[in-house]
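Colleague: I am new to this structure and would love a close look at a single part of it. Could you take me through one of the sheets, strand by strand, and then show me what lies around it?

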Amino acid sequence: AASNASCTSVRTAVNATVNATPTVTGTAGSRCDAGTVTLSASATAGTISWYANASGGSVLGTGTSFTTPSISSTTTYYAESVNGTCTSVRIPVIATVNTTPTITSTTGATICGQGGGTLSATASAGTIYWYSLASGGSAFATGTSIPVSGGSYTYYVEASTGSCTSARVPVTYTYIPTPTITLAGSASRCGAGSVTLTTAADSGTISWYAAATGGS
């Protein structure tokens, strides 16, 4: 109110506004290989703005979620909230880019006759998983190698770093049974000349020699 001698004005209300300084909580995001990542944040009050810098810089977006431009490496963004004239501290929110591993080499096995062998694989990173299917199913083993035996078959390997998984690669085990000569027929002739001998085997190609071992 204002007074002039004995005259006093009507009182006028004047508000004193107290704005709470907001606080911000962020949620990181991740992806495999290059691309966009969606980050999120919440604030106790005000409007959230996103920045590429811990201080200064231009606003990249507003709201509780922010989709980054395409990035190929892990990048930190920052979120702050403005409530009237009060601004929160900027907090870092990390967009993580993980590299998908690859199977870099495989070694199959070919076994003749009885016994077994070992299949092996190496990866650029992560844990190697072994499957009996080209897709789907559950891994039956982990590690860089597994023992094999029995008949021929193909297994499949993939590498995983947790959130990123490689394509599956086939690794083959081939079993070749040892052939058996099933028929060895003798022959004869009268006088000098050639003699035709016959034989048979349960598999493979038959070769003839002049000696019981070695030779051509």
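Modeller: Happily! Let us start with one pair of residues: Ile-103 has Ala-123 in S14 as its bridge partner. Please keep in mind that the model is predicted.

That pair belongs to the contact between S12 and S14, which run antiparallel and share 4 bridges. Step back a little, and you find an open sheet of 3 strands in the order S12-S14-S17, with antiparallel pairing. Strand S12 (103–107) and S17 are the edge strands, each pairing on one side only. From one strand to the next, the twist averages 20°. In general terms, the strands of a sheet are held in pairs by backbone hydrogen bonds, and the pairing is either parallel or antiparallel.

Now move to the other side of S14. Strand S14 (residues 116–123) pairs with S17 in the antiparallel sense, here over 5 bridges. Leu-119 is a good place to pause: this residue sits in strand S14 and faces Ile-146 in S17. Is Leu-119 buried or exposed? Its relative accessibility is 0%, so Leu-119 counts as buried, the cut-off being under 20%. Leu-119 also has a neighbour from further along the chain: its C-alpha atom is 7.3 Å from that of Tyr-173, although the two residues are 54 apart along the chain.

Strand S17 (residues 145–149) shows a pretty alternation of side chains. Ile-146 and Val-148 point to one face and are buried, whereas Ser-145, Pro-147 and Ser-149 point to the other face and are not buried. Ile-146, the residue opposite Leu-119, is thus one of the buried ones on this strand.

There is a second sheet to compare with this one. An open sheet of 5 strands follows the order S13-S19-S18-S15-S16, and its pairing is mixed. Strand S13 (109–112) and strand S16 (141–142) stand at its edges with a single partner strand each, so one side of each has no neighbour in the sheet. At the S16 end, strand S15 (residues 127–131) pairs with S16 in the antiparallel sense over 2 bridges, and Tyr-129 stands opposite Thr-142 in S16.

The cysteines are worth a look as well. A disulfide is a covalent bond between the sulfur atoms of two cysteines. The count here comes to 1 disulfide, which joins Cys-32 to Cys-164 with an S to S distance of 2.1 Å. The link ties together distant parts of the chain, 132 residues apart: Cys-32 lies in strand S4 (residues 29–32), and Cys-164 in the loop between strand S18 (153–160) and strand S19 (169–176). With -105° about the S-S bond, the link of Cys-32 and Cys-164 is left-handed. Its two ends differ in setting: Cys-32 is partly exposed at 26% relative accessible area, while Cys-164 is buried at 1% relative accessibility. Another cysteine, Cys-112, is exposed at 58% relative accessibility.

To finish, visit the largest pocket, which holds about 230 Å³ of space. Strand S20 (181–185) and strand S21 (198–201) are the elements that give two or more residues to its lining. That lining has 16 residues, with Ile-181, Thr-199, Ile-206, Ser-207 and Trp-208 lying nearest the centre. The lining residues divide into 8 nonpolar and 8 polar, with no charged ones.

Definitions and conventions
Residues are numbered from 1 along each chain as its sequence is written. This is a predicted model: local features need pLDDT of at least 70, side-chain atom pairs count only at pLDDT 80 or more; totals for chains, interfaces and linings use all residues. Side-chain values use heavy atoms; hydrogens and water are left out. Two strands pair if DSSP finds at least two bridges between them. Buried means under 20% relative accessible area, exposed over 50%, partly exposed in between (1.4 Å probe, protein chains only). On a 1 Å grid over the protein atoms alone, a cavity is a set of points where a 1.4 Å probe fits but cannot get out, and a pocket is an open set with protein on both sides within 12 Å along at least five of seven lines; lining residues have an atom within 4 Å of a point. Grid points are joined across faces, edges and corners, and a volume is the space filled by probe spheres set on the points. Ala, Val, Leu, Ile, Met, Phe, Trp, Tyr, Cys and Pro count as nonpolar, Asp, Glu, Lys and Arg as charged, and the others, Gly among them, as polar. A disulfide is a pair of cysteine sulfur atoms within 2.5 Å. Axes are lines fitted to C-alpha atoms, for helices over the stretch in contact, and angles run from 0 to 180 degrees between N-to-C directions.
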